[in-house]
Amino acid sequence: MKPENSEDKKYLFDKPASMKILAWSFLLSLVLLLALEFFIHKHTYFPSEEWPEFYCVFAFVGFVALVLSAKYILRPLVKRREDYYD
Amino acid sequence: MTEVLPPAAIFIIGGLLVPMIKGKWKSAYMLLIPVVGFINLINIPEGTHWVVEFMEYDLIFGKVDRLSLLFGYIFHLISFIAILYAIHVKDDVQNVAGLVYAGSALGVVFAGDLFSFFVFWEMLTVASIFLIWARRTKAAQGAGYRYLLVHAAGGLCLLAGIVLYVNQTGSIEFGYIGLNGLATLLIFLGFGLNCAWPLLHPWLTDAYPEATITGTIFLSAFTTKCAVYALARAFPGTEALIWIGAIMTAFPIFYAVIENNLRRVLSYSLINQVGFMVCGIGIGTQMAINGAVSHAVNDILFKGLLFMSMGAVMYRNNNKINCTALGGLYRTMPLTCICCIIGAASISAVPLFSGFVSKSMVMSAAADGHMQIIWFILLFASVGVLEHAGIKIPFFAFFGHDSGLRPKEAPLHMLLAMGIAAFFCIFNGSFPSYLYSLLPYPVEYVPYTVPHVVGQTQLIFFAALAFILLTLSGMSPSEMRAVNVDADWFYRKGSGLFYRVMDISMNGLTRVADRVIAGELTGSICRISQRWPEVLCLGVMIPLWSFTGARGKDLQGKIERTRSALQTHTSPIGISAAIATIFLVLIYLLM
């Protein structure tokens, strides 16, 4: 489909400008989401849900805890060479 | 009832006829099967149909109610999508296996008695195994055998439970069973194995990534969802399921983080999503069951879509599927990439995508029941879904580092199949009332409230922020070519241990038996049986000869002749007869 020397072709995310737009819109969304918290009335089931920015903090901390525990605890325990079962 | 057929029959008979049809018509014929099946299905009224008397029992091939109908609809839809996706496959083994497999799933869903249920349940295993073996690699062969053995064990467990249960209750009707006693526990575990419960799960993560590109689409849809259906039918509200489901949602996400093979990541993700369903069935309220069933429908679509996008990547990149080998494919496979992102958004429960309207029902049901710990586990698992399925799958295949691969876009039929699945992912998410109207119970749940939308969006964006910061700081686990041992270690390495134990014990026993029985015992019996006649005979004859006057060389000669006669078994008849007579006289005297 593409010519042989397609390495030179610039695709969407190869362009610094589009990356910049993406990064800024992402940051803007984060700020907006943090701010929205104060304008909505939450229907909570549990007291902890009422903490300010509960979902933001939970997601961030949960994600980091998940990735780091998988990397530093699970992987050393279970990782074997690719031909381990052969 | 004469115009409609049992849904399973259309697929199974239709599937078995596939090899008879040649050329271009084959594709059209195969696509027609789910279409005809669907038209047939919507004409079947609710109720009990196709009752066949067998021995003293009634076999029911059509228990049609709202629960079985919904599974029937989605099984037809995913069959059509999977057949379209696989339309390039010329291998009839796969074509027949796929259709018979789908038919067996329909058989399970519409079975009204335990006997026909069990037969279709076992057919699921038998048909699906060919979708694994058809890859024709050494790894697929091994994984297929393990899959077969594990499912055979699960099937026997289920059969034992059914036999005990029928013996106790006297009825083979398949309805609510409930957990009480050994019989129901065995049935429960039999379902659990197909449902990939923790520790019973490794058949799934072992075999699905080894199956053929197109076979995995079928596999991801039927076996586990049939088990979800069976649990929803027989064990709703069983408390153990709440915890089993919660653990299922949580433990695979850790494995998914460090897994290199993207189809294996999706297999762990499959267990995680089925966990939400199992948990919902365990909670057992109307909303929870609705949540579990609607999530099963959505999962079939978005998991199918994700497997299809990864399959297209494999198809166009010479079967490469590891994170370490892929990256940057959005450049030349943009449509596959978009489909993959739609699947990822659906599984991550992004508002307007399908996961948002079904997973939240299970979580709300948990919250309504004041199950705080369960709710937190499910929320944590939702963050985990974002990590492995929402971000990792699209990122490592289509973005990330540029692998330099510039493959062609997926073929048209694959794009169409993915397009249909993607359409339903968005449709179910954006217009949930259609899906809700098909659920077993009336739906009062409203997914689109401002706090729910904002809360879920916050969850997604801040998880994404964590991903970006971890990646930029180099703290994300690097992708590496490795095997991560799971519970299948026990039988994969355990079988080696078993072999050695058997080798030492059984072959040791053989060696001992050889030495003692063959080497020594028979030799000594032989020696004794040669020696004793000689001792007996000479013991009688020597005094007799001495008495008759034989002395010196004469006596020595007699002894030598007798001994050689006995050794060569050529003793004179007179001596034999004399010994026999003495023997008889002795017996006579002793008695």
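Which residues in α20(B) meet which residues in α21(B)? I began there. On the α20(B) side I listed B:Pro533, B:Glu534, B:Cys537, B:Leu538, B:Met541, B:Ile542, B:Trp545 and B:Ser546. They meet B:Leu555, B:Lys558, B:Ile559, B:Thr562, B:Arg563 and B:Leu566 in α21(B). Two residues are in contact if their C-beta atoms, placed from the backbone, lie within 7 Å. By class I noted nine nonpolar, two polar and three charged residues in this contact. Ala, Val, Leu, Ile, Met, Phe, Trp, Tyr, Cys and Pro count as nonpolar, Asp, Glu, Lys and Arg as charged, and the others, Gly among them, as polar.

Ground rules. This is a predicted model, in which local features need pLDDT of at least 70, side-chain atom pairs count only at pLDDT 80 or more, and totals for chains, interfaces and linings use all residues. Residues are numbered from 1 along each chain as its sequence is written, with chains lettered from A and ligands numbered from 1 in the order in which they are written.

Entry, α20(B) and α21(B). I looked up the geometry of helix α20 (residues 494–547) and helix α21 (residues 552–567) of chain B: their axes come within 11 Å and cross at roughly 155 degrees. Axes are lines fitted to C-alpha atoms, for helices over the stretch in contact, and angles run from 0 to 180 degrees between N-to-C directions. α20(B) and α21(B) are therefore roughly antiparallel (under 35 degrees counts as roughly parallel, over 145 as roughly antiparallel, 65 to 115 as roughly perpendicular, the rest as oblique).

Entry, α3(B) and α4(B). I found helix α3 (residues 66–85) and helix α4 (residues 92–110) of chain B packed at about 175 degrees, with axes 9 Å apart. That makes α3(B) roughly antiparallel to α4(B). I counted nine nonpolar, four polar and no charged residues in the contact of α3(B) with α4(B). Among those on α3(B) are B:Phe71, B:Gly72 and B:Phe75, and α4(B) brings residues including B:Gly98, B:Ala102 and B:Ala105.

Entry, α4(B) and α9(B). I then took α4(B) with helix α9 (residues 215–234) of chain B, which pack at about 15 degrees with axes 10 Å apart. That makes α4(B) roughly parallel to α9(B). Their contact has nine nonpolar, three polar and no charged residues. B:Gly98, B:Ala102 and B:Ala105 are among the α4(B) residues here too, and B:Phe218 and B:Phe222 are among those of α9(B).

Entry, chain B overall. I noted 22 helices and three strands (DSSP runs numbered from the N terminus, H or I of at least four residues for helices, E of at least two for strands). Chain B has a radius of gyration of 35 Å, against near 25 Å for a compact globule of 591 residues (taken over C-alpha atoms; the globule rule is 2.2 Å times the number of residues to the power 0.38). Of its 591 residues, 51% are buried (20 or more other C-beta atoms within 10 Å of the residue's own, C-beta atoms being placed from the backbone).

Entry, chain A. I read the pattern α-α-β along the sequence. Its radius of gyration is 22 Å, where a compact globule of 86 residues would have near 12 Å. Buried residues come to 13% of the 86.

Entry, the A–B contact. I recorded 36 residues from chain A and 39 from chain B. α2(A) gives the most to the chain A side, with 16 residues. That side divides into 23 nonpolar, five polar and eight charged residues.

Notes. A residue is buried if 20 or more other C-beta atoms lie within 10 Å of its own, exposed if 12 or fewer, and partly exposed in between; C-beta atoms are placed from the backbone.
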